[in-house]
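Me: I am new to this structure and would like a close look at a single part of it, with the rest brought in where it helps. Could you take me through that part slowly, in one connected answer?

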Amino acid sequence: MSLDALKLENQLCHRLYATTNAFTRAYRQLLEPLGLTYPQYIVLMSLWERDNIPIQQLIDHTHVDGGSLTQILNKLQNKGLLQLKVDAEDARKRRVVLTEAGQALKLKAAQVPQQMICQLQDMSLESAVQLAQLLDQLHKSLTALP
């Protein structure tokens with residue numbers, strides 16, 4: 001058995017960890033003028049696609065765990081960007097609904113993806129698409145584990 005397998009430089013997970021941290025830092029400067037953190041931005045992007053949805057559907061779409069999502073939703077509600085409402089069909093469930101301010105923020109955030117792409121100067125669009133496909137494949141493999 002080779003101990004090279006334990007070298008940090010040989011770990012795919014560490015590359016993903018470091019890249020995720022770099023992405024979060026890069027987004028921080030773009031999202032600061034909007035008053036958002038990266039996790040809040042993820043939740044809002046999901047809601048801009050599908051508004052007035054049950055919390056579970058938001059968890060499924062964003063892949064943010066329930067405990068973290070509760071904190072994010074509370075902060076976004078305190079900012080006046082969304083409301084948590086009782087589901088009309090099942091009073092045990094809550095739905096997430098964007099406010100007018102939350103909807104309006106979509107227009108201000110529209111430039112963020114293009115600004116991020118500009119920061120990826122060393123990566124072609126083709127490479128970015130290929131990377132996204134590989135990451136989707138990796139995610140699918142890992143979530144299929146027991």
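Reply: Axes here are lines fitted to C-alpha atoms, for helices over the stretch in contact, and the angles between them run from 0 to 180 degrees between N-to-C directions. Two packed helices are described by the angle between their axes and the distance between the axes. The part to look at is helix 2, and what follows describes a predicted model.

Before turning to that helix, it helps to have the whole chain in view. The chain contains seven helices and three strands, and these follow one another along the sequence in the pattern α-α-β-α-α-β-β-α-α-α. The C-alpha trace spans about 60 × 40 × 25 Å along its principal axes, and of the 146 residues in the chain, 26% count as buried. If one takes the contacts between residues at least 6 apart in sequence, 51% of them join residues at least 24 apart.

Helix 2 covers residues 38–49, and one of its partners is helix 4, which covers residues 66–78. The two pack at an angle of about 85 degrees, with their axes 10 Å apart. Angles of 65 to 115 degrees count as roughly perpendicular, and helix 2 and helix 4 are therefore roughly perpendicular to each other. On the side of helix 2, the residues that take part are Pro39, Gln40, Val43 and Leu44, while helix 4 brings Leu69, Ile72, Leu73, Lys75 and Leu76 to the meeting. Sorted by class, this contact is made of seven nonpolar residues, one polar residue and one charged residue.

Another residue of helix 4 gives a further distance to helix 2. Ser68 has its place in helix 4, and with a relative accessibility of 31% Ser68 counts as partly exposed. Between Ser68 and Pro39, which are 29 residues apart along the chain, the C-alpha separation is 9.1 Å.

A second partner of helix 2 is helix 5. The axes of helix 2 and helix 5 come within 10 Å and cross at roughly 105 degrees, and these two helices are therefore also described as roughly perpendicular to each other. Here helix 2 contributes Tyr41, Leu44 and Trp48, and these meet Gly102, Gln103, Leu105, Lys106 and Ala109 in helix 5. By class, the contact holds five nonpolar, two polar and one charged residues. Leu44 appears in the contact with helix 4 and again in the contact with helix 5.

From these contacts we can move to the nonpolar core. The largest nonpolar core has 29 residues, and those with the most contacts inside it are Leu36 and Leu73. The elements that give two or more residues to this core are helix 1 (12–31), helix 2, helix 3 (55–62), helix 4, strand 2 (82–86), strand 3 (94–98), helix 5 (100–109) and helix 6 (112–119). Of these, helix 2 gives the most, with five residues. Leu73 is worth following a little further: once its neighbours within four places in sequence are left aside, Leu73 is in contact with Val43, Ile55, Leu58, Leu82, Leu84 and Val96.

After helix 2 the chain enters the loop that leads to strand 1 (53–54), and Asn52 lies in that loop. The phi angle of Asn52 is near 60 degrees, a positive value in a residue other than glycine, and Asn52 is partly exposed, with a relative accessible area of 37%. A second residue with a positive phi is His63, whose value is near 65 degrees and which is likewise a residue other than glycine. His63 is found in the loop between helix 3 and helix 4, and with a relative accessible area of 58% His63 is exposed.

For contrast, consider Val86 in strand 2. At 55% relative accessibility, Val86 counts as exposed. Not counting residues up to four places away in sequence, Val86 touches Ala91 and Lys93. From Val86 to Asn21 there are 65 residues in sequence, and 36 Å in space from C-alpha to C-alpha.

Finally, there are the cysteines to mention. A disulfide is a covalent bond between the sulfur atoms of two cysteines. The cut-off used here asks for a pair of cysteine sulfur atoms within 2.5 Å, and by this rule the count comes to zero disulfides. Cys13 is exposed, with a relative accessible area of 54%, and Cys118 is partly exposed, with a relative accessible area of 46%.

Definitions and conventions: Residues numbered from 1 in each chain as written. Predicted model: local features only at pLDDT ≥ 70, side-chain atom pairs only at ≥ 80, totals over all residues. Heavy atoms only, no water. Helix = DSSP H or I, 4+ residues; strand = E, 2+ residues; numbered from the N terminus. Parallel < 35°, antiparallel > 145°, perpendicular 65-115°, else oblique. Contact = heavy atoms within 4.5 Å. Nonpolar A, V, L, I, M, F, W, Y, C, P; charged D, E, K, R; others polar. Buried < 20%, exposed > 50% of the residue type's maximum accessible area, 1.4 Å probe, protein only. Core = buried A, V, L, I, M, F, W, Y, C linked by side-chain atoms within 4.5 Å.
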